[in-house]
Amino acid sequence: MRIGIDLHTLTNLMQGSRTYIYNLVKSLLGLDNSNEYFLYFPNTATDPNILFRQSNAHSRIIFPSSRFIRLPFSFPLKLAADRIDAFHCQYMAPPICPCPYLISLHDIIHETSPQFYPPGLRFLMHHFYPTSARRAAKILTISQYSKGQIAEIYKIPEDRIVVTYVGVSDDFRPIPDQEKIKRVAERYGISGEYILFVGRIEPRKNLGTLIDAYYLLKRDRCIDHRLVIAGMQDPLFRDFHNSISAKAAESRVVFTGGVAEDDLPYLYNGADLFVYPSFAEGFGLPVLEAMACGVPVIASNATALPEAVGDAGIMVPPENSEMFAEAMRRVLSDPELKEAMRHKGLQRVKLFTWRKTAEKVLEAYAEQK
């Protein structure tokens, strides 16, 4: 087969989508030597040929990067010229496609929790995502929760929706080099013991509750741990970022900004605890990354997060700062509990590999022959 894959999310702010498609393609190429892959990069990509160099991978530039030209005009022409048998796109598909397509739709939280999205973006997703999904040969999503929501809200038969759980890169593992861990932490303004959150700074991540819980924990227990929020500011939510920064100013909270991919495993390894209080997630990959590094996890019990956490972490209602504070206190004050959670987390992440993801996706591709 000649398989085309849309890689426009490699260059945007959606870290989860970027991580997913990069690791999926990398695993597909490592697993599959029989199919030909045509990888479509936006013209804003930096030398795409250095990312995937296998002999059955062919890089293509789609110009211009604007979705309003790329999807209706550039993609149909490129797909036809490359004689693509099946096209794998992200979120939105060309309105006219010369071949069957599969669409990755990680979640539709904009439908179930619209308050977390600015009006313009919400309008775009609400009007174009369902149309693309209903015309797709298969929909690939990343949790049973998302599959149920897509089937119910978009009225799509469940047998056309395939759950391809995310995997965890081998880069995320327990690291014994304490000196390197300390140096990386200091590079981001972190000193001493810390509690970690990783993710974009946006309303959906529920950072206000996390900061409130941290304040309660410090007030009642006088802990020395810092709270570290590692993630980039989303330009769509500048006011939210400013309000969270003001709220955190008196509580010794460290905002690292964006973190280099090579540094992230070290930041996880340096943490005594990882807390992920998100209101809504399609899955919640940072939870697995923390577990893979041997860090105990506390997360909200909302949406798809129970599928990620399983029985390996502590789950709390997302709006309850008191319960988050109590859970944090329990883990930080009980070495036996902390070690048990560490062990369970390391076992749980073995269920999630990018090879398993790629195998599931390959099955979906093969059905288009």
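This passage walks through the sheet, the helices around it and the salt bridges of a predicted model.

The sheet comes first. Seven strands form an open sheet in the order S3-S2-S1-S4-S5-S6-S7, and the pairing is parallel. S3 and strand S7 (161–163) sit at the edges, each pairing on one side only. Going from neighbour to neighbour, the strands are turned by 20° against each other on average, with direction ignored.

Strand S1 (residues 2–6) pairs with two neighbours. On one side, five bridges join S1 to strand S2 (residues 36–42), and the two run parallel; here arginine 2 stands opposite glutamate 36 in S2. S1 also pairs in the parallel sense with strand S4 (residues 86–90), this time over three bridges, and the bridge partner of isoleucine 5 in S4 is histidine 88. Four of the five residues of S1 are buried, so the strand is largely enclosed by the rest of the structure.

Towards the S7 edge, strand S6 (residues 138–141) and S7 are held in parallel pairing by three bridges, with leucine 140 opposite valine 162 in S7. At the other edge, strand S3 (residues 57–62) contains isoleucine 61. Isoleucine 61 has a relative accessible area of 37%, which makes it partly exposed. Its C-alpha atom lies 9.9 Å from that of serine 74, a residue 13 positions away along the chain.

Now for the helices on the sheet. H1 lies across S1, S2, S3, S4 and strand S5 (101–104), and runs at about 160° to S1. Helix H2 (residues 67–81) packs on the sheet too, touching S1, S2, S3 and S4, and its direction makes about 145° with that of S3.

Besides lying across these strands, helix H1 (residues 15–31) meets helix H14 (residues 354–366): their axes come within 9 Å and cross at roughly 75°. That crossing makes H1 roughly perpendicular to H14. On the H1 side the contact is made by Thr19, Tyr20, Asn23, Leu24, Ser27, Leu28 and Leu31, while H14 brings in Trp354, Arg355, Thr357, Ala358, Glu359, Val361, Leu362 and Tyr365. Sorted by class, the residues of this contact come out as nine nonpolar, four polar and two charged.

Another helix pair crosses in a similar style. The axes of helix H12 (residues 321–333) and H13 come within 5 Å, with a crossing angle of roughly 95°, and the two helices are therefore roughly perpendicular to each other. In this contact Arg330, Val331 and Ser333 of H12 meet Pro335, Leu337, Lys338 and Met341 of H13. By class, that gives four nonpolar, one polar and two charged residues.

That leaves the charged pairs. Across the whole structure, a search turns up 12 salt bridges. Some of the residues involved form a network: Arg200, Glu202, Arg204, Lys205 and Glu281 are linked through salt bridges. Within it, glutamate 202 bridges to arginine 200, with the closest N and O atoms 3.3 Å apart. Glutamate 202 counts as buried at 3% relative accessibility, and arginine 200 counts as buried at 14%.

Lysine 205 and glutamate 281, also part of the network, form a salt bridge whose closest N and O atoms are 2.7 Å apart. This pair links distant parts of the chain, 76 residues apart: lysine 205 belongs to the loop between strand S8 (194–198) and helix H7 (207–221), and glutamate 281 to the loop between strand S11 (273–276) and helix H10 (285–292). Lysine 205 is buried, at 6% relative accessibility. Glutamate 281 is buried as well, its relative accessible area being 6%.

Aspartate 272 and lysine 338 make another salt bridge through their side chains, at 3.3 Å from N to O. Here too the pair links distant parts of the chain, with the two positions 66 residues apart: aspartate 272 is in the loop between helix H9 (264–270) and S11, lysine 338 in helix H13 (residues 335–348). Aspartate 272 counts as buried at 17% relative accessibility, whereas lysine 338 counts as partly exposed at 27%. Lysine 338 thus turns up twice in this account, in the salt bridge to aspartate 272 and in the contact of H13 with H12.

Conventions: Residues numbered from 1 in each chain as written. Predicted model: local features only at pLDDT ≥ 70, side-chain atom pairs only at ≥ 80, totals over all residues. Heavy atoms only, no water. Axes fitted to C-alpha atoms, helices over the stretch in contact; angles between N-to-C directions. Parallel < 35°, antiparallel > 145°, perpendicular 65-115°, else oblique. Contact = heavy atoms within 4.5 Å. Nonpolar A, V, L, I, M, F, W, Y, C, P; charged D, E, K, R; others polar. Salt bridge = Lys/Arg side-chain N within 4 Å of Asp/Glu carboxyl O. Buried < 20%, exposed > 50% of the residue type's maximum accessible area, 1.4 Å probe, protein only. Pairing = 2+ DSSP bridges.
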